Each structure stands twice: as C-alpha cells, then as structure tokens.
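Got your viewer open and a hand on the mouse? Let's walk through this one together, one selection at a time.

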Amino acid sequence: MDAARGDRIHLDAKPSRCMNLRTRIQRTIKVGWTAAVVWSSYKLPSTARRLTGRPPRTDAELSQRHERTARRILALALDMRGVMIKMCQALATRSDVFPPEFIAHLKQCHDAVPPKPYSVIQAVVERELKKPLAAVFSEFDQAPLASASLAQVHRARLLDGREVAVKVQYPDIEDIIRNDLANMRRICRIYEFFDPQPLALLPLLTELTNHIGYELDFVREGKFAERVRALFAADEQVKIPEIYPDLGTHRVLVMELVGGIKITDKKKIEAAGLDPVDVMQDLMHIYVRMILAAGFFQADPHPGNLFVTEEGKIVVLDFGLSKELPEGFGLGLFELMFSLMTFNETAMLRAFDELGFRSKTGDTKPFLLIARRMVSRSDSGSFEGEFTEEMTSELFDAIRDDPIAQVPSDFVLVARVFSLLSGIAHTLGSRANVLAAMSGG
Amino acid sequence: MSTVHEPEPGRLVYTEQELLASGDYAEPLIANEIRCHGGFLEDGTYLSPRTQHRAPAIHAWKQRLTQQGHELIDIPRSLMPPQYPNVAQAKLLLCNGVREPIVRALTIISIVEGFGAMIRDVRVPKLESLFVEALEGTALAHLTQGLFEAHARDESGYRDEGGHKQMWEAARDEALENPKIPGDVLMRIMGRRQKRAKTGPIFPEIDPQLERMLAFMSQVMVIEIFAEGTFEWGIGLLSDPEISANPKAAGDMVSFIQQDEKPHVEYLRTALSEVRARTIRTVDEKEIPGSVVIDEFLHRILHAMSRNRQRDQRDDLRENLIQAMQVAQDPKTLLEEFDALDQAWTPPAETGFTSTRSPAAA
Ligand SMILES: Nc1ncnc2c1ncn2[C@@H]1O[C@H](COP(=O)(O)OP(=O)(O)OP(=O)(O)O)[C@@H](O)[C@H]1O
Ligand SMILES: [Fe+2]
Ligand SMILES: [Fe+2]
Ligand SMILES: [Mg+2]
C-alpha cells in the first residue's frame, strides 16, 4: 500500500490499449474457460449425484479428478505466465488447503516455465540498454538459465570478463499482467455473486497486485539486493549476488552469477559433506537477522530462490518481493513469540497491539483465541520458537473466521516467510526455530 | 521460613510437581504493574519461586555427594571478567546524559534472561543406560523431572507471572523512568556471527545427545556463575540515588533476581559434579571417567569466555560507546574521564580444569 504509491508501476490501472485486443480477448477466454471447466468438473457431478441419488464420489475417483484438474491449471499457467504462475506458486505453498495431487503439479511452477525464444529476449535487452548486446557483453547464452513467471535469466559475460546473470522481463508483461488482474477481479466478482459464502478473494488479489508491482521494478529489486548484501557483508556463510546497477534498468537486471545446490535437495547437500541441520540453522539466521534485527527483508524464501554452495554458503536470490518493516516491528514480533512460548496472555495482547493488530470493536479477546488456536496446532502443544505451516494456516483460518479481527499485512507476509522456512526445514529433517536462531543456539 | 519450606532432610526423590511448587506468599511481587513470580513473607522477606521443595532437594543431593567423598565443581571468581562499562563508568555516562548504552545493556540482559527458557528444549537421552553407576536420588535423575522446567520458568516467566526477563525490564524502567528502547537491541544480540567450528564432537565415543547436553549445561552453569558480576553491577548502579529515579525498588528487584539464581547455579553444579563422580559408558562398550568429559568442557568454556569473548565484546562495545558519547557536551573530555575509570584485568593463566583433547594438550 504505502510503498506502492511511490513506485513506478501501478497495476491497478486499466489495461492499456497498446496490448493487442485479440490477445486480450484470447487470454480472457482461456482463463474463463479453465475456471468454468474446473468449477463444473467438481460441482456438476456432485449435483448430478445428489439429484439422481447416487453415492458421493470415492477417494480414488476424487484423486483422479484432482490430478486432471491440477494438470489443466498448470498447463494454463505455463501457457499464460504472469499472474497465473504467481497464483499457482501461492497455491502450491498451501498444502494444508489443497490435495497432494494439486501441490505436486503446481510446485512445478517454480522451475518449469518454458522459455521465450532468444530473439525476443535479445530485443528487450537491446531496447532497454539502448545498445547492441555486443557493446555490453562479450558472451550471452542463447539458452536461459531459468525462465520464471515474469522474467527469464541468461548467463552472460561482461566485456571485462566478469560472469553475470541477466534477468530480463518478458516483453509486454506489464500489460499482460494488468489484463490478467482485471480478468481475475472479474472472475472473483462473478464467483462472489454466485457463491452464497464466498471466500474473501478480492483483498487477496489487491495484495497480490501490490506485490507483483514490486516484482516488476528491477531497480527497486537491485536496491534491496544491495541492502541485504551490505547487511551480510561480514558473514562468510551468506552469499548475495552483487548487482551492477549501471548496467540495469527497470526491466533488465545485471548481477553476479551465482549457483549451488537447491536448498531442498537433501541428498546433494549431504553428498557435499554438509549437514542439512547446519544449513537450516544458517538459513534461519539469515531470515531472523533480516526480519527481527534489520527491519527489511527478502520476503520470498521459496526453494527456487535459495541455494547452498559446495562450501556451505547459503545463496539468497530474487529480491523482487522485498519489504521494509515499520519501526519496532521486530521487537514486537519477538515479544509475541516470547509470550507464546511462556503462555503469557497479557504479554500476547500487548504484542499483538504493538504489531498493529486491531479489532473493529475494540475487543481484544479474539486475538487471545487466535493465539490459543495457533499454539494448540503445534505438535507439542506449546510454542517452541517455530511458526509451523500448521500454525500459520491456523492463524489465517482463525482470522478468516473472525470478522472483527484486522491483521497488519506486514504480519501476513512475515508469517508466510516463516511458514515457507518451516516447510524447507521439514524437508531437510530439521526445524525452523526463530528464537534459537536469534540466540545463536 | 522453615514452616513454609517444610524441608525434609535427606529426602532424595521428588515429583515434578513438587520441584515446581512454590510456598505460600503473604504478598505477591508486583514489578512496574506487572505480576512477577516469587513473593514476600509476613516479615517482608523475599521468597524465590518454585523453591518449596527444590531448595531442600538440591541441598540433599549436594550433601550426599560430598558425604560420599566427591568434590563439588568450583569455578574461581578470579576467572570472571569485570563488567564493561563498570559501575563508576556507567554512572559517569548517565550523569552526562549518555543514557542509550545503559538502556541498551539493561534491555539486552532482560532478553538474554528470557532465552534461558530454552533450557527446557534440551534433548535429554536415557541417562540410566549411559552411566555405569546408579542415578537414583540425584540431581541428574531430576533434570527432566522439574529442574529444567523450573529453571526455564524462572528466567522467562510462566503464564501471567513475569520472570527475570520482566523483572529486569521493571528495574530498568523504574530506575531510568521508562526510557526509549534503542531500535538496535536485537541486532546487537545477534551480534557478529562467529564462524561455526566444523570440529564435530569432542568425544566421538560417547552418545552425541549426552555430549550436547553436558556441553550445554556446562556453558549455562558458567554463564550463571559469571552473572553474579552482572547482578552486583545492576544493584550498584540502579540503587544509586544520583542516577536512579527509584533506587530502592530498582535495586531490590535486581537482588530478588540474584536470589532466584542461586538454585540454578547449585543444581547445575551438583548435576555436573555427579557426572564427574561417575563413569560414562561409551558407544563402543568401553568406559570413560565423567571427570575427563566435564573438565574438558569447562576448560574450553572458561578459556574462551575469559579471553577471546571478553576481548571481542569489549571492542564491540567500545565502538558503540564512543559513538553514544557524542550526545554529551564535551565528548572528548568525557571519554578521557571514562577511560581513567577503567580497571585493568588480565585473566589468570590457568582455568583450573584439565583438557585432554585440545590440540595444545596433545
Ligand atoms: N544471480 C544469479 N545467478 C545464477 N542464477 C540466477 C541468478 N539470478 C537468478 N537466477 C536463476 O533464475 C531463476 C529465476 O530468477 P528470479 O527468482 O530472480 O526470477 P523471478 O521471475 O522473480 O522468479 P520467481 O517469481 O519464480 O521467483 C532463479 O531461480 C535462478 O535459478
Ligand atoms: Fe535469571
Ligand atoms: Fe539463571
Ligand atoms: Mg521472484
């Protein structure tokens, strides 16, 4: 909300006219069609069964249905990129809500987007840098290192010999996204019209819009990367790629080439002689230092953005979704965790208040109930310093159930980060203990 | 006091509930409007929380050990580095309007006290099978039977009763009148990261969980013992009417904390002394004297704490202090006066414990 104002990119504006009308209509139809097919494939058979008196579907039948639906959604997302991929990524982190068949397919969004042809990428870079490629790079790989939702990354070499990664925004992606968002808003409205008890999708969409706005501004991204890099300048366990801002624009980001083992690849980590528990501890240290101590952070610790080098350094990439936290937020968060750990309800209420939680009626009881629900969802029945995925989704469920509670959006983002980290920790057979990371133990 | 504590001399086995039980107080301890643990007898004596049975129990375990002819671990005070800034220096700063470093220091102490709660998360292996001698009726046998839990609750508070964390906050806020907390305390606590020594276990032949537990307990014990310096500092400073808005309340609060710490030092000292008096079974069916293991840990910890750690912390702090002094009218003179109040300190050459596994010992 706040920062978005000052930013260059406003996605809530009307789709611009420059995007070909036919493309726009095509995209709208594709999304609408898939939504309709998905919706009806679940609703129609159960309605038909109800009407004809047949028993509801079996688990196996349902599983097959999920499988097919997930494949359909993934295909659409990969075809359309942009917002659809972002949505799939978001959904793929919610294994508490969606069946495993879904998650398995949607997860591929992290690294299975088909690349755009080199000629397209070259054109963007040359238009942005206002120079032919050869005037800046001595080498530029035709095949990308990775292609993601908004951009594609190519390995290249500068004239002075330095190896770099060049992140290039897809052409017209801003327009495409604007159009997608408008479509989704339309679909949400239609859905809310038909469903007697709709999920509140529009606020989510607004937040997504803000975040994508950040991610489309590579100058902002580069600045955050530099800040985080400075924060860990003295820490040998952390590797943040150096940014070359002079060579970049809002749509092209040139940075040091880095690499390593994917953070969730436990086998490879062990094969490199590293202890996954140490790796997790270092990773937690990085996020706790950013969020609790420094007050600005990379808010997107999905496994595609994190690597471990052979020497055991943690590589953090992709500062597209980075944020600054209000003053005192870190201490408030610490006090909240502390009060959860000690079951101190007075302190919990104070911490919720410090973090900006408000209730529309002034009644603070809902927050206590939320805290109790969260703690009861941890496996030991007490808070051991880890926001598990279960606890975080319990938090959001509780908030959704309670119309009077208002939750600061910064808290939502931070909770998502810790829940993602908890997911990685479990893959590595470890824990994401925030308090332990803080005390160095 | 004895009527409340009902000590049962010689009793060696307790339930968890007993070790967590507090006596009856005539009056609770309220610190800066926050209910804290512990309380007062009719005559105004402060009574630490959860000591009704815990205090006599620790006494009995300790007595049995010494009666059997074993010695108790003793960490000489001479190893304890002095506080920096010391009381006189801290007072000088406050008198010159340089408050931030003192507020920061007090806040960090309160947070670090709170982290004490993590002792309840220590993984404790099945001790009975790891020692040659029996463990019945020892402090060791009661670690998960209330000792760790009582310790955790004392440090961080439990339910709506504040613990040492809240008591230090109260002492700070009473003495310095609810000062603004510097925004960098958590950054300071996380500090500069030390490179993890990839040494692996020091005693690969013993159960890794046992090694981790004993190393951790040794570390906590030394910290608890060295904390004595912090209490004396806190009392000396916060009960000084020249700089404290509420010298009695603030000074008393720190002395209550100091009193609560006694059982922490004592149960850890007793349990680790029990290990020293015993024999540990190794994973390859051999044996190793407990004293070899504990002395190794204590040597390493004391060596590090009295040398490198102490020097690093001082350097870190000094930088920050000089910066903070800029708010004073004459920072240069202040720094000179400040330095003149410093006491030289060199750690003793020996820790008093023998290392058999360090590179130097080989
Ligand atoms: N500096 C770099 N060195 C090496 N590879 C990089 C670098 N930057 C990015 N990559 C590769 O490109 C991929 C996509 O980059 P990045 O995550 O920044 O793009 P994105 O569009 O924000 O992607 P997503 O939204 O999927 O996270 C990374 O997962 C990584 O594999
Ligand atoms: Fe304490
Ligand atoms: Fe203590
Ligand atoms: Mg990204």
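Here is a tour in a handful of stops, each starting with something to select. Keep in mind that this is a predicted model.

**Stop 1: chain A as a whole**

Select chain A and colour it by secondary structure. Chain A has 17 helices and 13 strands. Of its 441 residues, 52% are buried. Now think about which parts of the chain meet each other: among contacts in chain A with a separation of 6 or more, 66% are between residues 24 or more positions apart.

**Stop 2: where the two chains meet**

Show both chains, each in its own colour. How many residues of chain A are in contact with chain B? There are 34, and they are in contact with 30 residues of chain B. The area buried between chain A and chain B comes to about 2,700 Å², and carbon and sulfur atoms give 57% of that.

Next, look for charged pairs crossing the boundary. Side chains of opposite charge can pair when their charged atoms come close. The interface of chain A and chain B has two salt bridges. To see a salt bridge between the chains, select Lys165(B) and Glu335(A): their closest N and O atoms are 2.8 Å apart. Polar contacts join five residue pairs between chain A and chain B, counting pairs with both residues at pLDDT 80 or more.

Which helices should you highlight on the chain A side? Pick α11 (276–294), α12 (329–342), α13 (345–354) and α17 (434–439) of chain A, as each supplies at least two residues of the side that touches chain B. Of everything on that side, α11(A) gives the most, with nine residues. Sorted by class, the side of chain A that touches chain B has 15 nonpolar, eight polar and 11 charged residues.

**Stop 3: the nonpolar cores**

Now hide the surface and look inside. The largest nonpolar core has 142 residues, and those touching the most other members are Leu292(A), Leu333(A), Phe418(A), Ile75(B), Leu143(B) and Leu214(B). You met α11(A) a moment ago; it also gives the most to this core, with 11 residues.

Zoom in on Leu214(B). Leaving out residues up to four places away in sequence, Leu214(B) touches Leu272(B), Val275(B), Ile280(B), Val293(B), Ile294(B) and Phe297(B). Apart from the largest core lies another core, of 38 residues; to find it, select Phe40(B), Val103(B), Ala171(B) and Val254(B), which are among its members.

**Stop 4: an enclosed helix**

Select residues 143–156 of chain B, which form helix α6. Why is this helix described as largely enclosed by the rest of the structure? Because 12 of its 14 residues are buried. Among the buried ones are Leu143(B), Phe148(B), His151(B) and Arg153(B). Just after the helix comes Gly157(B), whose phi is positive, near 90°.

**Stop 5: a trio of salt bridges**

Over all chains, the count of salt bridges comes to 49. Let's visit a few.

Begin with Lys167(A) and Asp318(A), whose closest N and O atoms are 3.5 Å apart. This pair links distant parts of the chain: Lys167(A) is in strand β4 (residues 163–169), while Asp318(A) is in the loop between β10 (314–316) and β11 (322–324), 151 residues apart. Are these partners buried or exposed? Lys167(A) is buried, with a relative accessible area of 13%, and Asp318(A) also counts as buried, at 17%.

Hop over to Glu18(B), which lies in helix α2 (residues 16–19) of chain B. Its side chain meets that of Arg11(B) in a salt bridge of 2.4 Å, N to O. Arg11(B) counts as partly exposed, at 22% relative accessibility. A polar atom of the Glu18(B) side chain also lies 3.0 Å from the backbone nitrogen of Thr15(B).

Last of the three: Asp252(B) and Lys248(B), with closest N and O atoms 2.3 Å apart. They are four residues apart in helix α10 (residues 247–276) of chain B, so about one helical turn separates them. Asp252(B) is partly exposed, with a relative accessible area of 24%, whereas Lys248(B) is exposed, at 58%.

To finish, select Glu128(A), Glu174(A), Asp175(A), Arg178(A) and Arg251(A): salt bridges that share partners join them into one network.

Terms used:
Residues are numbered from 1 along each chain as its sequence is written. Chains are lettered from A and ligands numbered from 1 in the order in which they are written. This is a predicted model: local features need pLDDT of at least 70, side-chain atom pairs count only at pLDDT 80 or more; totals for chains, interfaces and linings use all residues. Side-chain values use heavy atoms; hydrogens and water are left out. Contact means heavy atoms within 4.5 Å. Buried area is the accessible area (1.4 Å probe) that two parts lose on being put together, summed over both. A salt bridge is a side-chain nitrogen of Lys or Arg within 4 Å of a carboxyl oxygen of Asp or Glu. A polar contact is a pair of N or O atoms within 3.5 Å; within protein, one must be able to donate a hydrogen and the other to accept it, and residues adjacent in sequence count only if both atoms are side-chain atoms. Ala, Val, Leu, Ile, Met, Phe, Trp, Tyr, Cys and Pro count as nonpolar, Asp, Glu, Lys and Arg as charged, and the others, Gly among them, as polar. Buried means under 20% relative accessible area, exposed over 50%, partly exposed in between (1.4 Å probe, protein chains only). A nonpolar core is a set of buried Ala, Val, Leu, Ile, Met, Phe, Trp, Tyr and Cys residues joined through side-chain atoms within 4.5 Å.
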